[in-house]
Amino acid sequence: MPAHLPSNEPPDALDDRPEHLPLAYRNREFLDSPDARSLRIVSEYLYPLSHFRREKIRDTVVFFGSARTFESGSMGRYYRDARELARRVTEWSNNLGESSRRFVICSGGGPGIMEAANRGAHDAGGKTVGLNIGLPFEQRPNPFITPALNFEFHYFFMRKFWFAYLAKALVVFPGGFGTLDELTEILTLTQTQKLVKKMVVVLYGTSFWKEIINFDALVSYGMISEQDLGLFEFADDVDTAFKILETGLTKYYVEADREVPAIAKSRV
């Protein structure tokens, strides 16, 4: 009996088999089914991870902000400031002399502030990450993302994982529900020490943020502690924001470990 045949199956049984019996991991119908959801979730972890390793991305600086903020609109200064800040951070990072890519600008990959951030990094000749998400409107990849670092996610929580666990700093420009969600999630992770790292958080646009969120009221009502106000700093111009980032990143991370990518560990 040929060695490739099962011992309990006669040779002529092969005649009744489909000519091209699909392998499970190539079966699109199965991969799109509810039964394979766990495989799709794991794929949204492993696929970006493989690219981050290949591109030597150690860590990121994440920019959040509205997809509706355009360069020529009424809030255009925030677009221009995000672009300039991303350019300066990228130039500074490029001059660190590291073998891996440090503090790579990362955005949600769409238009508005996200585009401005990727565009600024592109202006400086740096790599830049876009973590897109499939949405019915507004979210389309902008053209300034490094092609090998342009990702499309189905699951919001896997996209948030990659925002949180590679970031060493966060710059949050004015935005809506999505921006508020991303900001408060990062603040919650740092407040509860679920991330064993110091996250440098800059809220850009003091008047906007203090009108949108009454942080002092959260303290006075006992919803947060006064020390939680130290989890972030405000900035209203590129020079101030860059100084906060440069100082914090240098203090906590320039001489940090060499793991690539530097995925944050959980305290518990």
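Lys160 is a good place to enter this predicted model: with a relative accessible area of 22%, Lys160 is partly exposed. Its side chain meets that of Glu185 in a salt bridge, with an N to O distance of 3.1 Å. Lys160 belongs to helix H5 (residues 156-166) and Glu185 to helix H6 (residues 177-191), and the pair thereby links distant parts of the chain, 25 residues apart. Glu185 also counts as partly exposed, at 33% relative accessibility.

Helix H5 leads on to the sheet. H5 packs on this sheet and touches E1, strand E2 (104-107), E3, E4 and E5. The direction of H5 makes about 155 degrees with that of E3. Helix H2 (residues 37-54) also meets this part of the structure, lying across strand E3 (128-133) and E4 and running at about 175 degrees to E4.

The sheet itself is open and consists of seven strands in the order E4-E3-E2-E1-E5-E6-E7, with parallel pairing. Strand E4 (150-153) and strand E7 (233-235) stand at the edges; each has a single partner strand, so one side of each is left without a neighbour in the sheet. On average, and with direction ignored, neighbouring strands are turned by 25 degrees against each other. Within the sheet, strand E1 (residues 60-64) runs parallel to strand E5 (residues 167-172), and five bridges join the two. Val62, for instance, has Leu170 in E5 as its bridge partner.

Returning to the charged side chains, the model holds a count of 16 salt bridges. One of them joins Asp239 and Arg88, whose side chains meet at 2.5 Å, N to O. Asp239 lies in helix H9 (residues 238-252) and Arg88 in helix H3 (residues 76-94), so this pair ties together parts that are 151 residues apart in sequence. Arg88 is partly exposed, its relative accessible area being 23%.

A further salt bridge is formed by the side chains of Arg102 and Glu98, at 3.7 Å from N to O. Here the two partners fall into separate classes of accessibility: Arg102 is buried, with a relative accessible area of 3%, whereas Glu98 counts as partly exposed at 23%. Both residues also take part in a network of salt bridges that links Arg58, Asp59, Glu98, Arg102 and Lys168.

Technical notes
Residues are numbered from 1 along each chain as its sequence is written. This is a predicted model: local features need pLDDT of at least 70, side-chain atom pairs count only at pLDDT 80 or more; totals for chains, interfaces and linings use all residues. Side-chain values use heavy atoms; hydrogens and water are left out. A salt bridge is a side-chain nitrogen of Lys or Arg within 4 Å of a carboxyl oxygen of Asp or Glu. Helices (H or I, at least four residues) and strands (E, at least two) are DSSP runs, numbered from the N terminus. Buried means under 20% relative accessible area, exposed over 50%, partly exposed in between (1.4 Å probe, protein chains only). Two strands pair if DSSP finds at least two bridges between them. Axes are lines fitted to C-alpha atoms, for helices over the stretch in contact, and angles run from 0 to 180 degrees between N-to-C directions. Contact means heavy atoms within 4.5 Å.
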